[in-house]
Amino acid sequence: MTDWTDPDALDLSDGETFDSLLDRADTREKGHFFEFFAEGDELTHEPGLQLTHHGSEQWMGQTLNHDPAYWRADTARERGFDERPVHPDYLLACVMGITVEDLSEKGGYFLGRDDVTFHQPVTAGTPLSVTSTVVDTKTSSSRPKYGIVTWETEGRDRETGETLVSYQRTNMIPRREPAATDGGAVGEQDEGGPALPDTLVSPDGKYFEDFRRALDTTQEENTAVAYRHERGRTMDDQLVAGLPLATLNTARQHHNRDEMADSPSGDIVAYGDVTRSIALAHARSDEATYRERRFADERFHDFVTLGDTVYGFTRVLDCDPDAGPEQAGAVTFEHVAFNQEQTPVYSGRRTALIQRNT
Ligand SMILES: C/C(=C\C(=O)SCCNC(=O)CCNC(=O)[C@H](O)C(C)(C)COP(=O)(O)OP(=O)(O)OC[C@H]1O[C@@H](n2cnc3c(N)ncnc32)[C@H](O)[C@@H]1OP(=O)(O)O)C(=O)O
């Protein structure tokens, strides 16, 4: 009888032997299929991550987020932070990155996120503890190989237990077994174009008063405050695979071209939080941000792949002079990230405190 523990019993360098061995081997799976998730289930995510200035600076540099309050202690103090915080986009991406192994590593796409709330500024050195609850599961009527799962996630300071950020997120998750569908069409679009405002105006400057003045012009005329940002960022390997891996996001969508060849995108795609952060950076470069408050109704409409260029477009929805501290007012924006073909890939509503010009 062959002793299979004998290191020389099998020649694993022989292509044919190795191929037939691989075919017989079980795969030690990572992540979960759609069928695993049930409403009300709670998951504690084990991967550990301590927020660092290095990580935050790497994220900000690559995504063009240059607000000095997150780079320099003096500006941070002037802006009312006790000490220089990590960037909120980095915090959010790290909290989400840690969840991926349990929630979406199997290869589903990030479709959207809602109720993103930043509870307090967060500093480097904070160790994260992240939990999620399944709030909804449903089959996809248009894509029988996938289900759709929504989770509520909370990122806390592992030492103090304080909540740092919370949100609800929805992904398409591969099914172990394809479902019967109602035949819903994929990518169906409405006929006819939408009504558009006659005039699009840009604010004259980057302060709260500039946004408010621009919005005042929309009261009487058929006008909207909406503008595009000049910068674009082409997605390279560092952005598509490097940044997600730096946040422990193990989704195969970002770093396994082999697996993704046979998927709806046909290739690796950018982490939604990277795409979003770039478009937000373009917008922030044209405003005097004081603080990030919250995001709502975030949606990822289309894939962003290696070589695509991400641009930004912004619409101003509301200005509230009473919602902030003395030196800032709250502005609600709708931001859109779009690619070189002018196809929207992300949209979301953001409320931020914008500095007054005083
Ligand atoms: C993190 C992370 C992963 C990532 O970051 S992946 C990268 C970011 N995400 C993407 O690149 C996905 C971009 N989206 C698309 O390309 C298309 O949406 C997609 C995935 C090809 C699907 O397009 P379809 O044309 O087939 O259809 P829909 O977009 O209308 O949606 C399919 C079904 O999903 C439902 N749905 C869509 N958005 C939401 C939402 N926000 N909340 C709930 N449900 C949503 C939609 O109603 C459709 O349902 P059906 O029953 O009609 O199938 C990571 O791993 O976590």
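This is a tour of two pockets, several charged pairs and one loop residue in a predicted model.

Residues are numbered from 1 along each chain as its sequence is written, and side-chain values use heavy atoms, with hydrogens and water left out. Because the model is predicted, local features need pLDDT of at least 70 and side-chain atom pairs count only at pLDDT 80 or more, while totals for chains, interfaces and linings use all residues.

**Stop 1: the largest pocket**

Select Phe110, Leu111, Phe300, His301 and Asp302, the residues closest to the centre of the largest pocket among the 45 that line it. The space here comes to about 1400 Å³. A pocket is an open set of points on a 1 Å grid over the protein atoms alone, where a 1.4 Å probe fits, with protein on both sides within 12 Å along at least five of seven lines; lining residues have an atom within 4 Å of a point. Grid points are joined across faces, edges and corners, and the volume is the space filled by probe spheres set on the points.

Next, colour the elements that each supply at least two lining residues, including α4 (88-103), β2 (110-118), α9 (272-284) and β8 (289-300). Helices (H or I, at least four residues) and strands (E, at least two) are DSSP runs numbered from the N terminus. The lining divides into 17 nonpolar, 18 polar and 10 charged residues. Here Ala, Val, Leu, Ile, Met, Phe, Trp, Tyr, Cys and Pro count as nonpolar, Asp, Glu, Lys and Arg as charged, and the others, Gly among them, as polar.

**Stop 2: the second largest pocket**

This pocket holds about 400 Å³ of space. Select Lys145, Tyr146, Pro174, Asp262 and Ser263, which are the closest to its centre of the 17 lining residues. By class, the lining has seven nonpolar, three polar and seven charged residues.

**Stop 3: salt bridges**

The whole structure has 22 salt bridges, each a side-chain nitrogen of Lys or Arg within 4 Å of a carboxyl oxygen of Asp or Glu. Show glutamate 57 and arginine 84, whose side chains meet in one of 3.0 Å, N to O. Glutamate 57 is in helix α2 (residues 53-63) and arginine 84 in the loop between α3 (73-78) and α4, 27 residues apart. Glutamate 57 is partly exposed at 27% relative accessible area, whereas arginine 84 is buried at 16%. Buried means under 20%, exposed over 50% and partly exposed in between, with a 1.4 Å probe and protein chains only.

Move to glutamate 298 and arginine 276, with their closest N and O atoms 2.6 Å apart. This pair links strand β8 to helix α9. Glutamate 298 is buried at 1%, and arginine 276 at 0%.

Now select glutamate 287 and arginine 350, which form another salt bridge of 2.6 Å. Glutamate 287 is in the loop between α9 and β8 and arginine 350 in strand β11, so the pair ties together parts 63 residues apart in sequence. Add Asp89, Arg113, Asp273, Arg284 and Glu292 to these last two pairs, and one network joined by shared salt-bridge partners is on screen.

**Stop 4: a buried charge without a salt bridge**

Which side chain of opposite charge is nearest to glutamate 105? It is arginine 252, 5.8 Å away, and glutamate 105 is buried yet has no salt bridge. For charge, Lys and Arg count as positive and Asp and Glu as negative; His and the chain ends are not counted. Glutamate 105 is in the loop between α4 and β2.

**Stop 5: a loop residue**

Finish at leucine 306, in the loop between β8 and β9 (309-320). Leucine 306 is partly exposed, at 29% relative accessibility. Aspartate 267 is 39 residues from leucine 306 in sequence and 8.6 Å away in space, C-alpha to C-alpha.
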